[in-house]
Amino acid sequence: MHHRLTGSALALTLAASLTAPALAGPQQPAPSASTPKSAATAGQSCNDNTGDTGTNAWISHAELERELQKLERNSKGTLSVETIGQSNQGRDVWAARVGHGDKVVMIESEIHGNEKTGTLAILNLLRTMSGNTPEAKALREQITVVAVPQLNPDASELDRRANDRTWDEVLADFPQLADAPAPWNYYTQPRQGDDYAARPGFDVNRDFHPDLDYVPSPGDFPGTSDDPGWYIHPESQNIRDLYRELQAEFGTVDTFVDLHHQGPCYLVGDTGEEVTLSLSGKFVDIENHAQHDKGYDLDYSKQLTLSAYDALQSRGNSPFGKISLYDQEVDLPGTALGSFALNGSGTVLFEVRGQTQSWGAKKKGQLVKAVETGLLGIVRDVAHGTAEQQDPARYDDIPLTTYPEY
Ligand SMILES: [Zn+2]
C-alpha cells in the first residue's frame, strides 16, 4: 500500500494539480538526503517560467490538419478523419479513427494547450496502426482507436492551459446562469506567463460531469474542484458528444486515455531519479460519487495503467523506465477522466514531465516516444485481451511520485 508522503499544505497543492502546473515563483532545491544531485541539477529548470517555451518546436493547429489529412490519404482507407466540432474561437476539432474491432480506445491530447507531447505521440500511433504491417492489420481487426489530438486548439495556439472564452460568452449560451458567480476555474489574472486578464479562459478539464446530459443551474456556481463541472464549453461538449456517440455504437467506451504534462522536476519514489512520465488509473473517490456510478471499474483502470507501465519498463534501464504513480488521493469528478471513469470506462492518465512554460521543448523526442510506447502498450493489451489478465494489485507496486521541495 502506498502512503501519503506530504503534509496538508502540499496535499492541497497536489489535489489542485491533476495536470496542474508546478508551484509558481523562483525555486531552489532544498538540501535533502532524499533529493540527490540529479534533482539539484534539475532544479535549474524547476521554476515556472524560463522565458523559452519552445512553442515553435511543437505542431500548430494548421500543421495538425495537414498531418491528419496526409495520414488519411496514405492509409488506403484504414484511417478516417472527421470534424467533431469547433472550439470557442471557431477552430475545428478532429477525431481520427482507425480499426474496426468491437472494443474502442479513445485518446485525447492538449485539453491543456501547454501540454503538447500527446499530440505527436497520437500521430505516431495513428501512423503505426494505419500501416501495412501484420501487427497493424491484426490490431485493426481487434480494436477501434478514436483519437482527438488538440482537443482545446485555442489553448494550443496560445500555448497555455485554459481555453479562450469569457464568462459573458458562457452566459450568452446559458442565459439561466445570468445571476450566478463565475466558476472557480475561470482565470482572469496572469498565470504561468499568460495574460488571462487580457484574454480570460477556463480550465476545460474541470468542466466535465458524470451525467453526460447535465444542464447547469445557477446554484452550481462558483463550485469547487471537489464538484463535477457543467459542460458549459464547446471543447468539453465536443469530446462529451463523441464519447456518447461511441457509447451508442459500442455499448461502452472500453478505454479512455488523457495525455497531460506536469511539473518538470518530480522524482520516482525514493530513487532520486527524475520522473519521465507519471501514470494513474484513479481520479475519483467512488464513495463520494456513488449516485453517479454507472459501472466504475477501478481494477480495469489499474490493469490498463500496468499495460502502459510494463511497456515502458520493458525498454530496460533508460529514461523510459523512470515512471511513477501520480498522486492517488485526488477526487476530481470534473475532469474528463473522472467523469468517463464513472461512466464505466477504463481510464488512464499520462503526465509527462514539464509543461512548456517551464520545460520548453527539452527532451521532446524522448518524451514523445515515452508516451507513444505507453499508448501502444495499452492498445496491444486491449486488442489481445491481456489487459484484463493483469494483476491489479501490482499497480500499488509502481513507485509513487515524490515532490521535492524547492
Ligand atoms: Zn494537463
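Let's start with strand S4, which is mostly covered: six of its six residues are buried. Ile-143, Val-145 and Ala-147 point one way from S4, while Thr-144, Val-146 and Val-148 point the other way, and all are buried. I should say right away that this is a predicted model, so please keep that in mind as you look at the structure above.

Who sits beside S4? On one side there is strand S2, at residues 92-98, and the two pair in the antiparallel sense over three bridges. If you want to find that pairing on your screen, look for Ala-96, whose bridge partner in S4 is Ala-147. You can also look for Arg-97, which stands opposite Val-146 in S4. S4 also pairs with S3, and here the strands run parallel, joined by six bridges. A good place to look is Lys-103, which stands opposite Ile-143 in S4.

Now let's stay with S2 for a moment. S2 is mostly covered too, with five of its seven residues buried. Besides S4, S2 has strand S1, residues 79-86, as a partner: S1 and S2 pair in the antiparallel sense over seven bridges. One pair to click on is Glu-82 with its bridge partner in S2, Ala-95. S1 and S2 form a hairpin with five residues between the strands, and in that hairpin Gly-90 takes a positive phi near 90 degrees.

Let's zoom out to the sheet. These strands belong to an open sheet of eight strands, in the order S1-S2-S4-S3-S7-S11-S9-S10, and the pairing is mixed. Which strands are at the edges? The edge strands are S1 and S10, the latter at 323-325, and each pairs on one side only. From one strand to the next, the twist averages 20 degrees.

Further along the sheet we meet S7, residues 255-262, and S11, residues 346-353. They pair in the parallel sense over eight bridges. If you'd like a landmark there, His-260 has Glu-351 as its bridge partner in S11.

Next, the helices that go with the sheet. Helix H3, residues 61-74, lies across S1 and S2 and runs at about 150 degrees to S1. Helix H4 packs on the sheet as well, touching S1, S2, S3, S4, S7 and S11. The direction of H4 makes about 145 degrees with that of S3.

H4 also has a helix partner. Helix H4, residues 117-129, packs with helix H12, residues 364-384, at an angle of about 55 degrees, with their axes 8 Å apart. H4 and H12 are therefore oblique to each other, and their crossing is right-handed. On the H4 side the contact is made by Thr-117, Gly-118, Leu-120, Ala-121, Asn-124 and Leu-125, and on the H12 side by Leu-367, Val-368, Val-371, Glu-372, Leu-375 and Leu-376. What kinds of residues are these? The contact of H4 with H12 divides into eight nonpolar, three polar and one charged.

H12 has another neighbour to show you, helix H9, at residues 298-313. The axes of H9 and H12 come within 7 Å and cross at roughly 125 degrees. That makes H9 oblique to H12, and this crossing is right-handed. From H9, the residues that meet H12 are Leu-304, Ser-307, Ala-308, Asp-310, Ala-311 and Leu-312. Facing them in H12 are Ala-370, Thr-373, Gly-374, Leu-376, Gly-377, Ile-378 and Asp-381. By class, the contact of H9 with H12 has seven nonpolar, four polar and two charged residues.

Let me finish with the whole protein. How many helices and strands are there? The protein has twelve helices and twelve strands. Of its 406 residues, buried ones make up 52%. And if you take the contacts between residues at least 6 apart in sequence, 80% of them join residues at least 24 apart.

So, if you are opening this model after the meeting, here is a route to follow. Begin at S4, where six of six residues are buried, and walk along the sheet in the order S1-S2-S4-S3-S7-S11-S9-S10. Then turn to H4, which packs on that sheet, and go on to H12 by way of their right-handed crossing. Thanks, everyone!

Methods
Residues numbered from 1 in each chain as written. Predicted model: local features only at pLDDT ≥ 70, side-chain atom pairs only at ≥ 80, totals over all residues. Axes fitted to C-alpha atoms, helices over the stretch in contact; angles between N-to-C directions. Helix = DSSP H or I, 4+ residues; strand = E, 2+ residues; numbered from the N terminus. Parallel < 35°, antiparallel > 145°, perpendicular 65-115°, else oblique. Left-handed = near helix turned anticlockwise from the far one by under 90°. Contact = placed C-beta atoms within 7 Å. Nonpolar A, V, L, I, M, F, W, Y, C, P; charged D, E, K, R; others polar. Buried ≥ 20, exposed ≤ 12 C-beta atoms within 10 Å, placed from the backbone. Pairing = 2+ DSSP bridges.
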